[in-house]
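I opened this one to see how the strands and turns are put together. My notes follow in the order I looked things up.

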Amino acid sequence: APTGAVSVLAGAMNTRGSADGSGRAAQFNQPIGLAADRSGNLFVADTGNHTIRKITVDGGVTTIAGLAGSAGAVDGTGNAARFNTPWGIGVDHNGNLFVAENGNATVRKISPSGEVSTLAGYAGQHGHLDGTGSQARFAYPTGLAVDEAGNVYVCDNGNDVVRKISSAGVVSTVWSPSAFYLLSPLGVAVDRAGNVWVSDATSHLVCRISADGMFTRMAGMPGSS
């Protein structure tokens with residue numbers, strides 16, 4: 001809360017599962033990614049369950065895409081879709097969700113109606129290749145964020161780079177620095193000015209990529225734990 005008070009919104013402490021429900025009656029399995037929409041609803045990449053969950057403002061939890069315990073690479077609507085280790089998640093102004101799928105090396109899109117499609121990458125094909133849609137290749141993508149214009153930024157962890165996906169599905173490499181700066185990008189955020197912020201787990205750094213492409217180390221020291 002703004003006062004600093006911490007409470008459990010959803011899920012049962014130390015209880016792994018996939019149950020939908022309200023508050024502590026719900027269960028998750030290694031949830032990692034989280035994003036909020038303009039109405040205050042939260043969306044969770046429930047990584048261990050291979051599903052995407054929604055938490056309403058009153059704490060009600062539902063599964064909106066994927067089937068718990070069933071990993072795969074299937075586009076479809078709701079529980080007909082399949083994910084493989086969804087990780088980062090973001091939401092745009094229109095309510096579309098975007099998911100960095102670590103296991104399938106793809107970025108998926110979920111429409112407000114629950115229809116799942118593959119925005120970029122090709123399931124099971126890991127690599128590093130810029131291009132449009134299924135022509136692009138990723139390697140174990142992790143963090144994901146969406147900017148004000150609807151561009152998607154992805155931590156391409158296996159390639160040690162940050163990638164950008166335009167609203168037209170064109171994938172480009174935003175920043176490809178030396179290993180001294182970026183060894184294991186995991187988390188990413190975008191501010192209103194268009195700056196991209198990246199957390200580097202291996203280098204113990206938080207870095208900024210400005211809208212004009214300048215790279216700056218903001219906090220931490222390379223190699224210092």
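I began at a turn. His204 takes a positive phi near 60° in the hairpin of S17 and S18, which has four residues between the strands. This is a predicted model, where local features need pLDDT of at least 70, side-chain atom pairs count only at pLDDT 80 or more, and totals for chains, interfaces and linings use all residues. I number residues from 1 along each chain as its sequence is written, and side-chain values use heavy atoms, with hydrogens and water left out.

**Entry: around S17**

My strands are DSSP runs of E, at least two residues, and helices are runs of H or I, at least four residues, numbered from the N terminus. I count two strands as paired if DSSP finds at least two bridges between them.

S17 and strand S18 (residues 205-209) run antiparallel and are joined by five bridges. I looked up Val196 and found Ile209 as its bridge partner in S18.

S17 also has strand S16 (residues 185-190) alongside, antiparallel, again with five bridges. Here Pro185 has Asp200 in S17 as its bridge partner. The hairpin of S16 and S17 has five residues between the strands, and Gly194 there takes a positive phi near 90°.

Which side chains of S17 (residues 196-200) are buried? I find Val196, Val198 and Asp200 pointing to one face and buried, while Trp197 and Ser199 point to the other and are not. For the cut-offs, buried means under 20% relative accessible area, exposed over 50%, and partly exposed in between (1.4 Å probe, protein chains only).

I also checked Arg192, in the loop between S16 and S17. Arg192 counts as exposed, at 79% relative accessibility. Its C-alpha sits 6.7 Å from that of Glu148, though the two are 44 residues apart in sequence.

**Entry: two open sheets**

Strands of a sheet pair through backbone hydrogen bonds, either parallel or antiparallel.

I traced one open sheet of five strands in the order S1-S5-S4-S3-S2, with antiparallel pairing. Strand S1 (21-22) and strand S2 (31-36) are at the edges with a single partner strand each, so one side of each has no neighbour in the sheet. Inside this order, S4 and strand S5 (residues 60-65) pair antiparallel over four bridges. Ile55 has Val61 in S5 as its bridge partner.

Thr51 lies in strand S4 (residues 51-55). Is it buried or exposed? At 1% relative accessibility, Thr51 counts as buried. Leaving aside neighbours within four places in sequence, I list its contacts (heavy atoms within 4.5 Å) as Val44, Ala45, Asp46, Thr63, Ala65, Gly66, Leu67, Ala68 and Pro86.

I then traced another open sheet of five strands, S6-S10-S9-S8-S7, where the pairing is antiparallel. Its edges are strand S6 (76-77) and strand S7 (86-91), each with a single partner strand, so one side of each is left without a neighbour in the sheet. Strand S9 (residues 106-110) and strand S10 (residues 115-120) run antiparallel and are joined by four bridges. I noted Thr118 in S10 as the bridge partner of Arg108.

**Entry: positive phi in loops**

Most residues other than glycine have a negative phi, and most peptide bonds are trans. I looked at two residues with this in mind.

Tyr140 is not a glycine, yet its phi is positive, near 55°. I place Tyr140 in the loop between strand S11 (131-132) and strand S12 (141-146). Tyr140 is partly exposed, with a relative accessible area of 43%.

Asp160 has a positive phi of about 60° although it is not a glycine. I find Asp160 in the loop between strand S13 (152-156) and strand S14 (161-165). Asp160 is partly exposed, with a relative accessible area of 29%.

**Entry: the whole chain**

How many helices and strands does the protein have? I get zero helices and 19 strands.

The C-alpha trace spans about 45 × 45 × 30 Å along its principal axes. Its radius of gyration is 17 Å, which agrees with the value near 17 Å for a compact globule of 225 residues; the radius is taken over C-alpha atoms and the globule rule is 2.2 Å times the number of residues to the power 0.38.

Buried residues make up 44% of the 225 residues. Of the contacts with a separation of 6 or more, 34% come from residues 24 or more positions apart.
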